[in-house]
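Reader: I am in my first year and would be grateful for a close look at one part of this model. Please begin with a single helix and what it lies against, and then work outward to the surroundings.

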Number of protein chains: 2
Amino acid sequence: MSSGGQTIHDVARLANVSPSTVSNVLNGRRDRMRAETLERVMQAMADLGYAPNQVARGLKTGFIPTIGLIVPSVANPFWGAFARYVEHAALARNCQVLLCNGERDPAREQQYAESLLARGIRGLILGSAPLSLNHMVGLVKRGLHVVTFDREPVGADGVEFDSVRVDNAGGTRLAIEHLLALGHRRIAFVSGPIRSSNRRDRFEAYRAALAAQGVAVDDQLVWTEAVAAGDEEGTETGKSAARTLLQQPNPPTAFFAINDMTAFGVYAGVREAGREIPRDVSVVGFDDLRLCEVVTPPLTTVRQPLEDLMRSAVELLLARLEGKQTGPATHVTLPAMLVPRGSTQPAR
Amino acid sequence: MSSGGQTIHDVARLANVSPSTVSNVLNGRRDRMRAETLERVMQAMADLGYAPNQVARGLKTGFIPTIGLIVPSVANPFWGAFARYVEHAALARNCQVLLCNGERDPAREQQYAESLLARGIRGLILGSAPLSLNHMVGLVKRGLHVVTFDREPVGADGVEFDSVRVDNAGGTRLAIEHLLALGHRRIAFVSGPIRSSNRRDRFEAYRAALAAQGVAVDDQLVWTEAVAAGDEEGTETGKSAARTLLQQPNPPTAFFAINDMTAFGVYAGVREAGREIPRDVSVVGFDDLRLCEVVTPPLTTVRQPLEDLMRSAVELLLARLEGKQTGPATHVTLPAMLVPRGSTQPAR
DNA sequence: ATGAAAGCGCTAACAA
DNA sequence: TTGTTAGCGCTTTCAT
């Protein structure tokens, strides 16, 4: 008994039809039988509490209604939210999600991807952002379909990947223009090392937005230091950045953090430096986690339309799996939105 | 091609053996062949880049190396961390994790569980905490093995469930004794409605710990209100509780929050009420999320040994699945630990 | 409109 | 020590 013990044969026997007729019912080929027959089969299924064995179906068809999801770690609230939206979107399409915490380790990601293929899962959403996608190229050639998030979607051999992302540059511009409009001129950029396309895009947009207003970029206000180890979330980075930058002779009056978790770290650093948000310094984040409304003051941030992005990712992936989409890679970019809250106010 | 195209037959042909010999290799029955044969088979596998098809294996054996995980929502940092530890522990045993966000809806949980069974997955870790486990009883009878977290593990028909949990009462006692030792006497208990065994246990322990020190329990300091809707994390609850309780004529000097997210809400409420932590009021949480070290001041809390708990849960589940553990339900309770940080200080 | 039959790739008796 | 065989539950031609 694999799912209650009933098989297609039990149903067939009870309904006085052949197994193939039951299979036809299961697969929606209802035009191939009399209404009365259909009725009998449905009744038999209901009576037995029959549920088809997806493993057997998968073996035969080569398709398992499951997609893989690799994120660095769902313990990070951003990736947790990310995973939840993926799962929501997948569920709406009768798919389930196999969760893999890749810890940003390409070897581990590759191993996971191998394992997905061995399980008959041929669709993967890749949320992490390693330097290259080369470790996925072999898998793609063996039939894995991959949709990436927020990155340069090209691997070795010119293999292209479908992708979804927010308009990182546009979002950053909104944030910087917001701060400029409030009169801030010394705006710090707080990030860890710039090792992903989204960080690069945001950094460039930061410089461009300042330049557009004739504000010179001060390298003293750009923080891209790596922190010891174990700063998965970026909070340590934010904390050291704020602490250090505020000690400078000519400190920033505002911080643009690469993401909300880093911004929360900035909050801690600002307080350690004896300053107050937003009275002394303004802070803007990126992502719009639920936590933004919880912290004090609520964090002004750039919203990523995660729900829509993940819906797009799942749709794209399923279209590939079902063969409805073929040909060159598709790239979806959705607009960002500024969400002003209490952490920003006019420069004094 | 399901995982690269190679089958057991391809390997057999290349190694000049029969498929069953290859199968024997795959299943560790290496004593049934000459070392030289084993060597040849291994070589053939390596040459072909062969990986066994887990779907076919699952169909035959009825066992899929995957466990289901139902949590309310991985977007909540507690459940995110929970999920990550489950996945870690599972990975160590060569299992993967199918993620299900049950949203605390029994119907949805049941549907998920059905779907797991249909996929040949017979092990489930249930992290949510609905009022009853009756919706799982039918599934258990059809072969699903369930390990529950933090709850009264009895369903209808006297069906018992394996379980793991932290010592909720002991942890609460540590928190309350910590506050009492700091001289606090008006200690609020902040929770949403008490609809799970862990909340009940913590509430009772709160009363008992106060009583043990001869401190009368003031019902004015017990907050178990339900908040509108959508307060998955408990932050809204914490905020309203703090705001309201601090307006009372005889306000609390300390808050014990049912979990860290609620404690973060208390932080917000306290600030809205114009008080400062820990100068004016002390706050203790429960769980020990990573965020506790990020907020200002860092949150004193009771640590749940999540990693150990989840390892136990996975071990227990796999032991059941492998038939190594049979008989009555096993219940694992691990000790809690107080983690003092900056949110608590002596009462003034 | 319905059924018979041949597998999907693997495992596990049972033979040899 | 190795091979033969009969399925696991389902899908899918191809017959009828």
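Author: In chain A, helix α10 (residues 235-246) lies across strands β6, β7 and β8, and its direction makes about 150° with that of β6(A). Please keep in mind throughout that this is a predicted model. A further helix of chain A, α11 (residues 260-272), lies across β6, β8, β9 (282-287) and β10 (300-303), running at about 155° to β9(A).

The strands beneath these helices belong to an open sheet of 6 strands in chain A, with mixed pairing and the order β7-β6-β8-β9-β10-β12. Its edge strands are β7 (222-223) and β12 (337-339) of chain A, each of which pairs on one side only. Within the sheet, β6 (residues 187-190) and β8 (residues 254-257) of chain A run parallel and are joined by 4 bridges. Here A:A188 stands opposite A:F255 in β8(A).

Two other helices of chain A may be considered next. The axes of α8 (residues 168-181) and α9 (residues 197-212) of chain A come within 8 Å and cross at roughly 40°. Because angles under 35 degrees count as roughly parallel and those from 65 to 115 as roughly perpendicular, α8(A) is oblique to α9(A). The crossing of α8(A) and α9(A) is right-handed. On the side of α8(A), the residues that meet α9(A) are A:N168, A:A169, A:T172, A:R173, A:I176 and A:E177. Their counterparts in α9(A) are A:N198, A:D201, A:R202, A:E204, A:A205, A:Y206, A:A209 and A:L210. By class, this contact of α8(A) with α9(A) has 6 nonpolar, 3 polar and 5 charged residues.

We may now turn to what joins the two chains. Strand β2 (residues 96-101) of chain A pairs with β2(B) in the antiparallel sense over 3 bridges. The bridge partner of A:L99 is B:V97 in β2(B), and A:V97 stands opposite B:L99 in β2(B). These two strands take their place in an open sheet of 12 strands with mixed pairing, in the order β11(A)-β5(A)-β4(A)-β3(A)-β1(A)-β2(A)-β2(B)-β1(B)-β3(B)-β4(B)-β5(B)-β11(B). At the edges stand β11 (331-334) of chain A and β11 (331-334) of chain B; each has a single partner strand, so one side of each is left without a neighbour in the sheet. From one strand to the next, the twist averages 20°. Helix α5(B) packs on this sheet, touching β2 of chain A as well as β1 (66-71), β2 and β3 (123-126) of chain B, and its direction makes about 170° with that of β1(B). Helix α12 (residues 306-321) of chain B lies across β1, β3, β4 (145-149), β5 (162-166) and β11 of chain B, at about 165° to β4(B).

Contact between the chains involves 46 residues of chain B and 46 residues of chain A. On the side of chain B that touches chain A, at least two residues each are supplied by α4, α5 (77-92), β2 (96-101), α6 (106-118) and α11 (260-272) of chain B. The largest share of that side, 6 residues, comes from α5(B), the helix that also touches β2 of chain A. In terms of class, the side of chain B that touches chain A comprises 21 nonpolar, 17 polar and 8 charged residues.

Finally, there is the DNA. Strand D is surrounded by 27 residues, of which the closest are A:I8, A:S20, B:S20, B:M33 and B:T37. The elements that give two or more residues to the surface near strand D are α2 (19-26) and α4 (54-61) of chain A together with α2 (19-26) and α4 (54-61) of chain B. Around DNA strand C there are 26 residues, and the closest are A:S18, A:S20, A:M33, B:I8 and B:S20. For strand C, the elements that give two or more residues to the surface are α2 and α4 of chain A together with α2 and α4 of chain B. The largest share near strand C, 5 residues, comes from α4(B). The residues of the surface near strand C divide into 10 nonpolar, 11 polar and 5 charged.

Key. Residues numbered from 1 in each chain as written. Chains lettered and ligands numbered in written order. Predicted model: local features only at pLDDT ≥ 70, side-chain atom pairs only at ≥ 80, totals over all residues. Near = placed C-beta within 6 Å. Axes fitted to C-alpha atoms, helices over the stretch in contact; angles between N-to-C directions. Parallel < 35°, antiparallel > 145°, perpendicular 65-115°, else oblique. Left-handed = near helix turned anticlockwise from the far one by under 90°. Contact = placed C-beta atoms within 7 Å. Nonpolar A, V, L, I, M, F, W, Y, C, P; charged D, E, K, R; others polar. Pairing = 2+ DSSP bridges.
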